[in-house]
Amino acid sequence: VNFLMRMSPARLLALLILLPIAFRLIQTQRRTETVLKVNQSFVLAFALMVVVVMMLSDSHVNTLANNVRNVIDLMLLVVLPFYVMAHALRDLRQLREALACLLMGLALLGVFALFETMRYWLVFETMRGPLGLPPPTLTLYVLRETAGGGALRAMATAGHPIVLGYFMGVGLCLWIAMRRSLKPPMLGLVA
């Protein structure tokens with residue numbers, strides 16, 4: 001085993017922010033003794049199903065070390081955020097605040113993407129080497145040739161233009177759903 005897992009910004013945030021919160025929530029939950037709710041049962045069933053399918057898959061990369069990495073990824077990137085969101089956010093006001101923070105982060109990501117497109121420069125691409133990230137696999141997709149020249153498909157910190165588009169779609173849907181409850185109203189204009 002050469003490594004346990006590759007570190008990414010999402011995994012690092014889960015380890016440094018969500019894991020301590022989850023430990024604190026587990027300690028306080030022991031005192032209240034709550035039972036699993038229906039949605040928590042579905043997430044646990046989904047995680048177990050993914051683990052079983054992963055273990056039974058018949059591919060050449062199905063080793064014990066790789067399965068352990070995938071289980072750790074599943075726990076860090078799916079189960080841990082769900083657990084913290086389900087137990088830390090107690091009422092609708094807290095959920096709105098958390099979603100407003102996510103919306104502001106996505107708005108900032110949109111500003112980076114706009115800058116990359118206008119300047120024809122992938123700002124965060126130069127950080128791949130120092131961070132030890134592999135080179136992009138679909139580099140041809142990043143540049144789009146048109147009759148009037150070319151256009152750069154921005155990635156910002158999303159890692160790929162398609163993923164950035166998904167994030168922007170999520171941000172747009174969040175903004176549409178929350179635009180009336182955003183205070184101050186200028187927050188909606190920024191997003």
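Let's start with one small residue: Ala 14 touches Leu 19, Leu 76 and Leu 80, leaving aside residues up to four places away in sequence. Keep in mind that this is a predicted model. The protein has 191 residues, and it contains seven helices and two strands.

**The overall picture**
- Reading from the N terminus, the elements go α-α-α-α-α-β-β-α-α.
- Buried residues account for 25% of the 191 residues.
- Take the contacts with a separation of 6 or more: 60% of them are between residues 24 or more positions apart.
- The accessible surface is about 13600 Å², and carbon and sulfur atoms hold 70% of it.

**The nonpolar cores**
- In soluble globular proteins, nonpolar side chains tend to be buried together.
- Here, the largest nonpolar core is made of eight residues: Met 5, Ala 14, Ala 22, Leu 25, Leu 76, Leu 80, Tyr 83 and Val 84.
- Helix H1 (9–32) and H3 each give at least two residues to this core.
- H3 supplies the largest share of this core, with four residues.
- Another core, of seven residues, lies apart from that one; Leu 106, Leu 109, Ala 154 and Ala 158 are among them.

**Helix H2, a helix with two sides**
- Helix H2 covers residues 38–56, and its 19 residues should span 27 Å at 1.5 Å a residue; the end C-alpha atoms are 27 Å apart, so the two agree.
- Which residues of H2 are buried? They are Gln 40, Val 43, Ala 47, Val 51 and Met 54.
- These buried residues sit on the same side of H2, because they cover an arc of only 75° around the axis.
- As background, an α-helix has 3.6 residues a turn, so residues three or four places apart point the same way.
- The buried residues of H2 pack against helix H3 (64–88).
- Flip to the other side of H2 and you find Val 38, Phe 42, Leu 48, Val 53 and Leu 56, which are exposed.

**Helix H4 and what comes after**
- Helix H4 runs over residues 92–119, and with 28 residues at 1.5 Å each it should span 40 Å; its end C-alpha atoms are 40 Å apart, so that agrees too.
- The buried residues of H4 are Ala 100, Leu 103, Leu 106, Ala 107, Leu 109, Gly 110, Ala 113 and Glu 116.
- Two of these names, Leu 106 and Leu 109, also turn up in the core of seven residues.
- After H4 comes Tyr 120, which has a positive phi, near 55°.

**Aromatic pairs**
- How many aromatic pairs does a search of the whole structure find? The search turns up two.
- Phe 115 and Trp 121 make an edge-to-face pair, because their ring centres are 6.1 Å apart and their planes stand at 65°, over the cut-off of 60 degrees.
- Phe 115 has a relative accessible area of 38%, so it counts as partly exposed.
- Trp 121, at 42% relative accessible area, is partly exposed as well.
- Tyr 166 and Phe 167 form a tilted pair, with 6.2 Å from centre to centre and 50° between the planes.
- Tyr 166 is exposed, with a relative accessible area of 58%, whereas Phe 167 is partly exposed at 31%.

How values were computed. Residues numbered from 1 in each chain as written. Predicted model: local features only at pLDDT ≥ 70, side-chain atom pairs only at ≥ 80, totals over all residues. Heavy atoms only, no water. Expected span 1.5 Å × (residues − 1). Buried < 20%, exposed > 50% of the residue type's maximum accessible area, 1.4 Å probe, protein only. Arc of directions from axis to C-beta. Contact = heavy atoms within 4.5 Å. Areas by Shrake-Rupley, 256 points an atom, 1.4 Å probe, with all protein chains shown as cover. Core = buried A, V, L, I, M, F, W, Y, C linked by side-chain atoms within 4.5 Å. Phe/Tyr/Trp six-rings, centres within 6.5 Å; stacked < 30°, edge-to-face > 60°.
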